[in-house]
Amino acid sequence: MMITVPAGSSLTLRCPGTQAIVLVSLAEVRAPFLAELPPIPVLSLDGPGVRRIGVLELVTATGVTWVEAELRNDLINVIGDAPTDVVQRRSAARRPGAYPAVGTAQVENIDGRHLVALTGRVEDISADGLLLRATADDRLPSLPSGIERALLHVAMPWGELTAAIVTVDQRADLLRGTFEWIDPDDAAELTKFCATR
């Protein structure tokens, strides 16, 4: 299986002591392994010669992973030891984008079990699940820990998609989940939407 970073993917580089840098890939790159990915051309605001090293949240066609990377001259290079696998592999086609979402999350943490309102956007979606970047009703920069599941209403090109998701991975303001329930009509539209490029 090839690891593919599609053109137009949103990549986030987190460097020590600075705010996270959101980058957009300008061309598709692919390789059989993460460590073999060629430099990824990105749109960045850095001037020539500026070098940044940090942890890159790498969204690929097969899943999401976090890897050490270097940004220099509008190119991202994977450096150091790469993880052995992506966080979540998907057999379903995935579509990147920015789809507004609102909903409610069920949280279980040291404060007990409770519900919080979510506002954000879905950054990629497939017939199996989605990646959500969101904040909670308390307006903290990150989501509360311990989100077990969420009920979301997502503005998609064909209309509102309503689905319940179960959390697969949660980091800061990002939550990846798989569909626990989705309206059958929405499921059909989503499958058709993800299959077209």
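Is arginine 51 buried, exposed or partly exposed? In this predicted model, arginine 51 has a relative accessibility of 48% and therefore counts as partly exposed, since exposed residues are those over 50%. The side chain of arginine 51 meets that of glutamate 70 in a salt bridge, with N and O separated by 2.3 Å. The two partners come from distant parts of the chain, arginine 51 belonging to strand E6 (residues 51-60) and glutamate 70 to strand E7 (residues 63-72), 19 residues apart. Glutamate 70, at a relative accessible area of 11%, is buried.

Side chains of opposite charge can pair when their charged atoms come close. The structure contains 14 salt bridges, and two further examples involve strand E10. Arginine 133 pairs with glutamate 123, their closest N and O atoms lying 2.9 Å apart. Here arginine 133 is situated in strand E11 (residues 129-136) and glutamate 123 in strand E10 (residues 112-126), with their positions 10 residues apart in the sequence numbering. Both arginine 133 and glutamate 123 are buried. A salt bridge also joins the side chains of arginine 176 and aspartate 124, at an N to O distance of 3.2 Å. Because arginine 176 is part of strand E14 (residues 174-182) and aspartate 124 part of strand E10, this pair ties together parts that are 52 residues apart in sequence. Arginine 176 and aspartate 124 are both buried.

The pairing of arginine 133 with glutamate 123 also belongs to a network of salt bridges, in which Arg14, Glu57, Arg121, Glu123, Arg133 and Asp173 are linked.

Leucine 152, located in strand E12 (residues 147-156), has a relative accessible area of 2% and is therefore buried. Its contacts beyond four places in sequence are with Val102, Gly103, Leu118, Leu130, Leu132, Leu161, Thr162, Ala163 and Ile165. The C-alpha atom of leucine 152 is separated by 8.4 Å from that of alanine 105, although the two residues are 47 residues apart along the chain.

Helix H1 comprises 12 residues, 184-195. The distance from its first C-alpha to its last is 17 Å, close to the 16 Å expected at 1.5 Å a residue. Within H1, the residues Asp186, Leu190, Phe193 and Cys194 are buried. These four cover an arc of only 90 degrees around the axis, and so they are placed on the same side of H1. The face turned away from that buried side carries the exposed residues Pro184, Asp185, Lys192 and Ala195. The packing partners of the buried residues of H1 are strand E9 (94-109), E10, E12, strand E13 (159-171) and E14. Strand E12, which contains leucine 152, is thus one of the elements against which the buried residues of H1 pack. The N-terminal end of H1 is capped by aspartate 183, a side-chain oxygen of which lies 2.9 Å from the backbone nitrogen of aspartate 185.

The cysteines were considered next. A disulfide is a covalent bond between the sulfur atoms of two cysteines. The structure holds zero disulfides. Cysteine 15 has a relative accessible area of 10% and is therefore buried. Cysteine 194, one of the buried residues of H1, has a relative accessible area of 3%.

Notes:
Residues are numbered from 1 along each chain as its sequence is written. This is a predicted model: local features need pLDDT of at least 70, side-chain atom pairs count only at pLDDT 80 or more; totals for chains, interfaces and linings use all residues. Side-chain values use heavy atoms; hydrogens and water are left out. A salt bridge is a side-chain nitrogen of Lys or Arg within 4 Å of a carboxyl oxygen of Asp or Glu. Helices (H or I, at least four residues) and strands (E, at least two) are DSSP runs, numbered from the N terminus. Buried means under 20% relative accessible area, exposed over 50%, partly exposed in between (1.4 Å probe, protein chains only). Contact means heavy atoms within 4.5 Å. The expected span of a helix is 1.5 Å times one less than its number of residues. The arc is that of the directions from the helix axis to the C-beta atoms. A polar contact is a pair of N or O atoms within 3.5 Å; within protein, one must be able to donate a hydrogen and the other to accept it, and residues adjacent in sequence count only if both atoms are side-chain atoms. A disulfide is a pair of cysteine sulfur atoms within 2.5 Å.
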